[in-house]
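Reader: I have a chain to look at and would like to go through it by question and answer. Where should we start?

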Amino acid sequence: MKRQGKPEAAPARLGWLDALRGLAALAVAMHHFGLRYFIPHGAAVTHRFDLGLFGVMLFFLVSGYIVPASLERRGDMQAFWVGRVFRIYPALVVGLVAALVILPAGHNMMIDRSVFDRPLLSFGANSLLLQDLLGVPNAIGIMWSLTYEMVFYYFVSALFVLRKHRQSGPIAVGFAACAVLLGGVLSPANLAKQGLSTENLVLATGLVAVMGLLCAISGNSQLTRTGALLLGVLGFVLAFGSSRSAMFETMMIFATMFAGTVIYRAEHGQIDRIQAVAYCGFVFLAGVLGGRMYNHGDALWRTWTTSWMAWSFAYAGAWIVLFLGMTLKKRRFPKALTWLGTVSYSVYLLHWLVIDGMDWLYGMPWLFQGAPAPKSAKFAIVFTLTFLAVTLVVSYLMYRLVEVPFQKLGRRFLAWLKRHTGGPADTRGAGAPIPAQDGAPVAVAAGGGAPAAVAAPAAPVGGVPAAPDPVRR
């Protein structure tokens, strides 16, 4: 019998996904750790390749590849949203509490102290995971990426109930076109500039988001459809009207995630591969050229990069690594790397806690005060290995003690919800679920969590047969 809660290496056909997630988490962690201070010409390298952005964009590509399948395989909006909530929030809350309890205020860079200036506002925005599009500081700096993941879920839900979920390619191209055409025209935080106060924006967003989510998990077909559409509209308004980041980056993030979905559909015979190449090629070029066109001046502050090259080359690197992973996906990846992918969400959340702890106990003035870094190669190796070892240990503990138990709790809550709402709503209208594919990838939680096997589609609700949705092969 398998021990419960133990992250195990994925099967060979899934190892490439775990490996990419592990590599992405490691890249972000090492970027924040300050690897650039310990490698030759680190400043020059960082000026041309931002390791953190590379990791985040790789995460977005993987999320786009696997997240929509977790909804489409059964057409169950309840299961989709309950799964998202119980995968993302518990570990995030534990990480926040741990940082507040363990670290002294003078050595707690993980928590943005400005959130305490307006605690209710910060709590509301961060609880929705929409803070980065609401003009509110991220409680934890890395939470900015979760905002875009959440809005992507909104879009996926709305497209699904509209039966437009197979249109990933045109949608990806549309976002990429907006990035290159409007990246220097649309102004970030435009809603605030039009006179809408942050308080009112957060309040209005909270009302719409909560209504949308409650309807989406109601089990009532019409309410589910209404809720998903509300979420989609909210995501569209925030993406185009209230971005903190540079507009070209915001548009490219969504283009990238939908491009990841395009790759999934091409691999599973849902769209023509020539179309997929055209769609993804356009998104790739738009990202590289968009960085060259717009990542200057104020945009550098908003993208947290140092040059257009740092953004464009990192973006290109994420795509290259994704395709290398796909090329090697039939091979068995090292267990260490696939294991790292299993605990990658906890690594992403907790690495700053470890950095702050090491600064508290030892001192890292080169990272926080601009002092010269130690020149000793031995020190650099030992210090880096210590950081990695501690990060992996606490991440494993988070995975085993928080992520796995709360995923089980989520399944029990879902069963309770179905008993009290009459089961899942079939929101697909006349659309049919996606046929099961041999070797189909697992539905992995965005940013981490244990994989759940992609199952065969459920039978239509109420025994009403669903008309087939043609699949192009």
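Author: What follows is a set of questions on this predicted model, each with a short answer.

Reader: How many helices and how many strands does the chain have?
Author: The chain has 473 residues, and 55% of them count as buried. Its regular elements are helices, with no strands among them. The count is 18 helices and zero strands.

Reader: Among contacts between residues at least 6 apart in sequence, what share joins residues at least 24 apart?
Author: One pair shows what such a contact looks like: Phe 80 and Ser 157 are 77 residues apart in sequence, and Phe 80 is in contact with Ser 157. For the chain, the share of these contacts that join residues at least 24 apart is 80%.

Reader: Is Phe 80 buried or exposed?
Author: Phe 80 lies in helix H4. Beyond its neighbours within four places in sequence, Phe 80 is in contact with Val 67, Ser 70, Leu 71, Tyr 153 and Ser 157. Its relative accessible area is 2%, and the cut-off for burial is under 20%. Phe 80 is therefore buried.

Reader: How many residues are in the largest nonpolar core?
Author: Nonpolar side chains in soluble globular proteins tend to be buried together. In this model, Trp 81, Leu 130, Met 252 and Val 283 have the most contacts inside the largest core. The number of residues in that core is 139.

Reader: Which residues does Val 283 touch, not counting residues up to four places away in sequence?
Author: Val 283 is one of the core residues with the most contacts inside the core. Another of these, Met 252, is also among the residues that Val 283 touches. The list is Ala 172, Val 173, Ala 176, Met 252, Ala 255, Thr 256, Ala 259, Tyr 315 and Trp 319.

Reader: Which element gives the most residues to the nonpolar surface patch?
Author: The patch covers about 950 Å² and is made by Val 93, Val 97, Leu 100, Val 101, Ile 102, Phe 116, Trp 360, Leu 361 and Tyr 362. Two elements give two or more residues to it, helix H4 (77–102) and helix H16 (344–361). With five residues, the one that gives the most is H4.

Reader: What is the relative accessible area of Leu 361?
Author: Leu 361 is found in helix H16 and is part of the nonpolar patch. A residue counts as exposed when this value is over 50%. Leu 361 is exposed, with a value of 72%.

Reader: How many salt bridges are there in the whole structure?
Author: Side chains of opposite charge can pair when their charged atoms come close. One of the pairs here is Asp 18 with Arg 21. The search of the whole structure finds seven.

Reader: Why are Asp 18 and Arg 21 separated by about one helical turn?
Author: Asp 18 forms a salt bridge with Arg 21, with the closest N and O atoms 2.7 Å apart. Asp 18 is buried at 4% relative accessibility, and Arg 21 is buried at 2%. The separation is about one turn because the two are three residues apart in helix H1 (residues 12–33).

Reader: How many residues apart are Arg 244 and Asp 132?
Author: Arg 244 forms a salt bridge with Asp 132, and their closest N and O atoms are 2.6 Å apart. The pair links distant parts of the chain: Arg 244 is in the loop between helix H10 (221–241) and helix H11 (247–267), and Asp 132 is in the loop between H5 and helix H6 (144–161). Both are buried, Arg 244 at 17% and Asp 132 at 1%. In sequence they are 112 residues apart.

Reader: Which backbone oxygen does the side chain of Thr 338 reach?
Author: Thr 338 is in helix H15 (residues 335–342). It is buried, with a relative accessible area of 2%. At 3.0 Å, its side chain reaches the backbone oxygen of Lys 335.

Reader: What is phi of His 41?
Author: His 41 is in the loop between H1 and helix H2 (42–48), and it is exposed, with a relative accessible area of 67%. Its phi is positive, although His 41 is a residue other than glycine. The value is near 55°.

Note on methods: Residues are numbered from 1 along each chain as its sequence is written. This is a predicted model: local features need pLDDT of at least 70, side-chain atom pairs count only at pLDDT 80 or more; totals for chains, interfaces and linings use all residues. Side-chain values use heavy atoms; hydrogens and water are left out. A nonpolar core is a set of buried Ala, Val, Leu, Ile, Met, Phe, Trp, Tyr and Cys residues joined through side-chain atoms within 4.5 Å. Buried means under 20% relative accessible area, exposed over 50%, partly exposed in between (1.4 Å probe, protein chains only). Contact means heavy atoms within 4.5 Å. Patches are made of residues with over 30% relative accessible area and no salt bridge: like charges are joined within 9 Å, nonpolar side chains (Val, Leu, Ile, Met, Phe, Trp, Tyr) within 5 Å. Accessible areas come from the Shrake-Rupley method with a 1.4 Å probe; for residues, only the protein chains shown count as cover. A salt bridge is a side-chain nitrogen of Lys or Arg within 4 Å of a carboxyl oxygen of Asp or Glu. Helices (H or I, at least four residues) and strands (E, at least two) are DSSP runs, numbered from the N terminus. A polar contact is a pair of N or O atoms within 3.5 Å; within protein, one must be able to donate a hydrogen and the other to accept it, and residues adjacent in sequence count only if both atoms are side-chain atoms.
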